Amino acid sequence: MEKKKCPQCKNLILKTSPTCLYCGRPNKFITKEYVNKKWNKNNNKNVFDHIFVNKFFVFILLLISTTVIVLLI
């Protein structure tokens with residue numbers, strides 16, 4: 001891991017760390033886009049909703065088809 005000196009307190013910190021561990025100075029500007037890219041929270045929610053809706057429709061179709069088959073027999 002590459003390290004660099006913090007401009008404020010001159011201690012060594014990782015280049016990938018968002019803030020200095022010693023003084024708390026931000027190493028990077030943390031934005032909503034940075035957090036979503038880092039943790040992928042926004043995309044996981046959309047994928048979960050999409051899967052849940054698809055399963056719900058499959059369940060309803062299966063329920064309707066079984067009732068139609070039972071009524072015809």
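Is Lys-15 buried, partly exposed or exposed? Lys-15 is partly exposed, with a relative accessible area of 42%. Here is a friendly walk through the rest of the structure, which is a predicted model.

1. **Overall layout.** The protein chain has two helices and two strands. Starting at the N terminus, you meet them in the order β-β-α-α. The chain has 73 residues, and 7% of them count as buried. Keep that figure in mind as you read on, since several of the points below deal with accessibility.

2. **The salt bridge.** There is one salt bridge to look for. Lys-15 forms it with Glu-2, and the closest N and O atoms are 3.1 Å apart. This pair joins distant parts of the chain: Lys-15 sits in the loop between E2 and H1, while Glu-2 belongs to the segment before strand E1 (3-5), 13 residues apart. On the accessibility scale, Lys-15 is partly exposed, and Glu-2 is exposed at a relative accessible area of 55%.

3. **The two cysteines.** You will find zero disulfides in this structure. Cys-9 takes part in none, and the nearest cysteine sulfur, that of Cys-20, is 3.6 Å away. Likewise, Cys-20 is in no disulfide, with the sulfur of Cys-9 as its nearest cysteine sulfur. Why is this pair not a disulfide? The two sulfur atoms are 3.6 Å apart, whereas a disulfide is counted only within 2.5 Å, so the pair falls outside the cut-off. Their surroundings are worth a look too: Cys-9 is partly exposed, with a relative accessible area of 26%, and Cys-20 is buried, with a relative accessible area of 3%.

4. **Lys-5 and its link to Cys-20.** Lys-5 lies in strand E1. With 56% relative accessibility, Lys-5 counts as exposed, whereas Cys-20 is buried. In sequence, Lys-5 and Cys-20 are 15 residues apart, and in space their C-alpha atoms are 9.4 Å apart.

5. **A backbone detail at Lys-10.** What is notable about the phi of Lys-10? The angle is near 65 degrees, which is a positive value in a residue other than glycine. Lys-10 is found in the loop between E1 and E2. The residue is exposed, with a relative accessible area of 52%.

6. **A positive patch.** Which residues gather in a patch of positive charge on the surface? They are Lys-4, Arg-25, Lys-28, Lys-37 and Lys-38. To find one of them, go to the loop between strand E2 (12-14) and helix H1 (32-39), where Arg-25 is placed. Arg-25 is partly exposed, and its relative accessible area is 33%. Patch members need over 30% relative accessible area, so Arg-25 passes that part of the rule.

7. **A nonpolar patch.** The surface also carries a nonpolar patch, formed by Ile-64, Val-68 and Leu-72. Together these residues have about 310 Å² of accessible area. Val-68 is in helix H2 (residues 41-72), and this valine is partly exposed, with a relative accessible area of 41%.

8. **Where to look when you open the model.** You could begin at the salt bridge between Lys-15 and Glu-2, then turn to Cys-9 and Cys-20, whose sulfurs are 3.6 Å apart. After that, the positive patch that includes Arg-25 and the nonpolar patch that includes Val-68 round off the tour.

Terms used:
Residues numbered from 1 in each chain as written. Predicted model: local features only at pLDDT ≥ 70, side-chain atom pairs only at ≥ 80, totals over all residues. Heavy atoms only, no water. Patch = residues over 30% accessible without salt bridge, like charges linked within 9 Å, V, L, I, M, F, W, Y side chains within 5 Å. Areas by Shrake-Rupley, 256 points an atom, 1.4 Å probe, with all protein chains shown as cover. Salt bridge = Lys/Arg side-chain N within 4 Å of Asp/Glu carboxyl O. Lys, Arg positive; Asp, Glu negative; His and termini not counted. Charge placed at Lys NZ, Arg CZ, Asp CG, Glu CD. Helix = DSSP H or I, 4+ residues; strand = E, 2+ residues; numbered from the N terminus. Buried < 20%, exposed > 50% of the residue type's maximum accessible area, 1.4 Å probe, protein only.
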